[in-house]
Amino acid sequence: MTHASRRARLAAALPGHDTAAVLVTWPVNVRYLTGLASSNAAVLVTATGEAALATDSRYLETAEAVCEGVEVIEGRDVAGVLLDRVPDTARVAVEAGHMPVGQFGRLAAAHPGLTPVEGLVEAVRAVKDEGEIAALRRACAITDEAFSLVVERIVPGVTERRVARWLEAAMVELGADKPAFDSIVASGPNGSIPHHSPSDRPIERGDLVTMDFGARYDGYHADMTRTVAVGPPASWQRDLYDLVRRAQRAGRHAVRPGATAGQVDAAAREVIAEAGQAERFGHGLGHGVGLEIHELPFLGPGRTGRLEDRVPITVEPGVYLPGRGGVRIEDTLITRGDGPELLTLTTKELLVL
């Protein structure tokens with residue numbers, strides 16, 4: 001009944017948008033609502049909770065097997081097939097953030113009641129059920145274990161690119177579907193680039209090395225960042241690491257139901273600002289994770305949305321010094337009423353290799 005309960009939550013949101021139904025075409029959202037993973041499917045959910053799914057012959061048998069409580073219809077023009085089932089003038093929400101302009105224009109010519117709505121399914125997805133959290137917990141456990149296996153292999157002379165490949169191979173060998181995203185390995189001065197692409201730069205003694213990576217398990221994405229030292233760190237490196245660790249701890253402790261995304265961000269950002277490094281922390285504190293690596297909510301300055309119970313988010317402050325290096329520490333955690341549940345358990349003490 002998991003997918004049925006998700007559709008019921010979505011249906012309950014429709015009256016607030018003055019729509020009788022919603023046409024969902026984004027593959028991630030179709031999977032969330034029906035269980036079908038495909039490249040060509042759409043689902044129509046009405047305000048009364050009824051649902052119909054359209055897909056082509058490639059996925060028809062799978063859809064009939066996995067989509068409980070959903071009428072399955074065969075067709076190539078999946079959106080058109082579903083809209084033909086409702087009156088032309090009925091107000092039907094479509095996914096403003098995902099439907100191409102050309103497709104919307106074609107469909108709206110025949111169905112003038114189409115209404116673009118932003119983030120309708122994503123808002124429902126933000127709060128996870130315990131089955132989703134279990135998948136995230138396993139994804140994070142794989143990520144932790146892969147780090148433990150690979151970190152001992154990091155020595156001077158090994159390239160960033162090789163470390164990234166080691167991490168990705170280890171995650172798959174440990175049971176991941178695949179890496180959750182392209183891994184980041186940034187050593188020495190490259191550590192000042194938050195989204196540095198791993199290069200052929202050999203890691204050197206005296207480097208800080210930042211690794212941002214995660215496993216995808218049963219469709220759900222983990223996200224973790226750790227920064228380690230290769231050889232004894234310089235005093236500025238220890239100071240920088242301690243600053244980011246304190247900021248990350250403050251951010252984690254601010255995570256609770258009812259807190260705004262801006263408040264959680266500020267808890268960590270203020271620690272960095274008090275140290276005079278505010279301008280060296282330019283990105284948001286974190287983001288939601290789930291069937292996508294970046295999803296609602298987003299933690300950043302001025303963000304006003306409030307956290308609810310059972311919302312997985314990352315907390316990932318960083319300080320980046322151009323030409324010298326940087327530090328980022330990131331965990332995935334779940335908002336809980338009695339305090340956040342930490343899913344990435346690898347130590348946040350500075351590891352010296």
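Me: Which residues in helix 2 meet His3, Arg6, Arg7, Arg9 and Leu10 in helix 1?
Reply: This is a predicted model, in which local features need pLDDT of at least 70, side-chain atom pairs count only at pLDDT 80 or more, and totals for chains, interfaces and linings use all residues. Residues are numbered from 1 along each chain as its sequence is written, while side-chain values use heavy atoms and leave out hydrogens and water. Helices (H or I, at least four residues) and strands (E, at least two) are DSSP runs numbered from the N terminus, and contact means heavy atoms within 4.5 Å. On that basis, the helix 2 residues that meet this group from helix 1 are Arg31, Tyr32, Leu33 and Thr34.

Me: How many residues of the contact of helix 1 with helix 2 are charged?
Reply: Asp, Glu, Lys and Arg count as charged, Ala, Val, Leu, Ile, Met, Phe, Trp, Tyr, Cys and Pro as nonpolar, and the others, Gly among them, as polar. The contact of helix 1 with helix 2 has three nonpolar and two polar residues, and its charged residues number four.

Me: At what angle do helix 1 and helix 2 pack?
Reply: Axes are lines fitted to C-alpha atoms, for helices over the stretch in contact, and angles run from 0 to 180 degrees between N-to-C directions. The axes of helix 1 and helix 2 (residues 27–34) lie 6 Å apart, and the packing angle is about 115 degrees.

Me: Which residues of helix 2 are buried?
Reply: Buried means under 20% relative accessible area, exposed over 50%, and partly exposed in between, with a 1.4 Å probe and protein chains only. Helix 2 is mostly covered, with six of its eight residues buried, and Gly35, with a positive phi near 95 degrees, follows the helix. The buried residues are Val28, Asn29, Val30, Tyr32, Leu33 and Thr34.

Me: Why is one side of strand 4 and of strand 6 left without a neighbour in the sheet?
Reply: Two strands pair if DSSP finds at least two bridges between them. The open sheet concerned has six strands in the order 4-3-2-1-5-6, with mixed pairing. One side of strand 4 (71–74) and of strand 6 (114–117) is without a neighbour because these strands stand at the edges, each with a single partner strand.

Me: What angle does the direction of helix 1 make with that of strand 2?
Reply: In the six-stranded sheet, the twist averages 25 degrees from one strand to the next. Strand 1 (residues 21–24) and strand 5 (residues 92–95) run parallel, joined by three bridges, and Ala21 has Val92 as its bridge partner. Helix 1 (residues 2–13) packs on this sheet and touches strand 1, strand 2 (41–46) and strand 3 (51–55); its direction makes with that of strand 2 an angle of about 60 degrees.

Me: Which strands of the sheet with order 8-9-12 does helix 8 touch?
Reply: This open sheet of three strands has antiparallel pairing, and its edge strands are strand 8 (184–187) and strand 12 (224–229). Four bridges join strand 8 to strand 9 (residues 208–213). Helix 7 (residues 130–151) packs on the sheet against strand 9 and strand 12, at about 20 degrees to the direction of strand 12. Helix 8 (residues 160–173) also packs on the sheet, its direction making about 150 degrees with that of strand 8, and the strands touched by helix 8 are strand 8 and strand 9.

Me: Which residue in strand 17 stands opposite Tyr320?
Reply: Strand 16 (residues 318–321) points Gly318 and Tyr320 one way and Val319 and Leu321 the other, all of them buried. Strand 16 pairs with strand 17 (residues 325–328) in the antiparallel sense over four bridges, in a hairpin with three residues between the strands and a positive phi of about 85 degrees at Gly323 in the turn. Opposite Tyr320 in strand 17 stands Gly326.

Me: What is the relative accessibility of Gly326?
Reply: Apart from residues up to four places away in sequence, Gly326 touches Gly191, Ser192, Leu208, Thr210, Thr227, Leu240, Val319 and Tyr320. Gly326 counts as buried because its relative accessibility is 2%.

Me: Is Thr335 buried or exposed?
Reply: Thr335 lies in the loop between strand 18 (331–334) and strand 19 (341–342). Leaving aside neighbours within four places in sequence, its contacts are Val255, Arg256, Pro257, Leu307, Glu308, Asp309, Arg310 and Val311. With a relative accessible area of 0%, Thr335 is buried.
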